[in-house]
Amino acid sequence: SLKNINTSINNIPYIPVELFKKYDLHSTNIENIFKILRSSGTTSNTPSKIFLDRENANSQTLSLSKIFTEFTGLNRPAMIIADCKDTIKSKKSFSARAAGIVGFSYLCRKPIFALDSEMNVILENIENVVSNENNKNILLFGFTFIIWLHMLKNKLPNEIKSALSKKGVLVHGGGWKKLQSHNITKDQFKLKVKEFLGIEKIINYYGMIEQTGSIFMECENGWLHSNPLCTVISRDQKTLKRSKFGEIGIAQVISSIPTSYPGNSILTDDLISIEGIDDCSCGRKGVYFDILGRLKAS
């Protein structure tokens, strides 16, 4: 059973996430690497570096597709990217934002950018997507803090809001710590999205550059969920022993996807609370949990 599996994975050794900032870690010859992902480096001035060969990059795309489709119910939707084109300029070295945009773009049709180079909304681009009768479903994707800062400056026209309320889904993640520093809660974020954009189906996700493709998506009850490709363990902040349900601990993320670098088991600097296994009322199996912030010192 899954509960027994989670007992056995308790003993899998982990790499502290900081090591990806300090060392070049790869599990294949360097000549096989064709892309390097870099974290934002917001908690330190040094970004993580993740080395990908083509096989690992393809695995990331396939896994993201499976997780995305299962949680959203969308299959090749039209896509509005809450960002500007400049974010994905580099082809060899990608930031976390760029990796997210490119990864989700592979799952959608005709992605367009909603922001210009000065991070102002391009209303015409959004109008073109929502007015196209062939677009039965629309994904708005972006990093949480980008959406808050730039997409929610002004309310969209009522006709666009009405269309997005019927066929729009927002998937967002990343940058929560910036919003939390301004005391902005998940509920406040969702209310403002509904008010300014009209979208009512809003799905948060938890992921990191160190395990791109392995994301944990939010269910209808507001809990983040594991899936057959990746799971999470909570560890006590002082002893690093496994925490009990409901206790605040450090997230250890475990994924089957990394092959070109040693990212299968990572001790993060994120604080979580695991609420249970297999019994979330949304009906999904696996671990369900909440992200509560970051360690002040790791």
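## Rings, charges and cysteines

Arg54 lies over the face of Phe34, 4.2 Å from the ring centre. Keep in mind that this is a predicted model. A second charge does something similar: the charged end of Lys155 sits over the ring of Phe196, at 5.8 Å from its centre.

Now for rings meeting rings. How many aromatic pairs does the structure hold? The count is 10. Take Phe20 and Tyr261, which pair up edge-to-face, with 6.3 Å centre to centre and 80° between the planes. This pair links distant parts of the chain, 241 residues apart. Phe20 is in helix H2 (residues 19–22), while Tyr261 is in the loop between strand E13 (248–255) and strand E14 (265–277). Phe20 counts as buried because its relative accessibility is 0%, and Tyr261 counts as buried at 1%.

Phe68 and Phe104 also make an edge-to-face aromatic pair, 5.8 Å centre to centre with 80° between the planes. Phe68 belongs to helix H3 (residues 54–72) and Phe104 to helix H4 (residues 96–105), so this pair ties together parts that lie 36 residues apart in sequence. Phe68 and Phe104 don't stand alone, either: with Phe141 and Tyr205 they form one aromatic cluster.

Here's how buried some of the residues in this report are:

| Residue | Relative accessible area | Status |
|---|---|---|
| Phe20 | 0% | buried |
| Tyr261 | 1% | buried |
| Phe68 | 1% | buried |
| Phe104 | 2% | buried |
| Cys84 | 6% | buried |
| Cys280 | 7% | buried |

On to the cysteines. If you're looking for disulfides, the count comes to zero. Cys84 is in no disulfide, and the nearest cysteine sulfur, in Cys108, is 18 Å away. Cys84 is buried, too, because its relative accessibility of 6% is under the 20% cut-off.

Cys280 is another one to look at. Why is there no bond between Cys280 and Cys282? The sulfur of Cys282 is the closest cysteine sulfur to that of Cys280, but at 3.6 Å the two are too far apart for a bond, because a disulfide needs the sulfur atoms within 2.5 Å. Is Cys280 buried or exposed? Cys280 is buried, with a relative accessible area of 7%.

Methods. Residues numbered from 1 in each chain as written. Predicted model: local features only at pLDDT ≥ 70, side-chain atom pairs only at ≥ 80, totals over all residues. Heavy atoms only, no water. Phe/Tyr/Trp six-rings, centres within 6.5 Å; stacked < 30°, edge-to-face > 60°. Helix = DSSP H or I, 4+ residues; strand = E, 2+ residues; numbered from the N terminus. Buried < 20%, exposed > 50% of the residue type's maximum accessible area, 1.4 Å probe, protein only. Lys NZ or Arg CZ within 6 Å of the ring centre and 35° of its normal.
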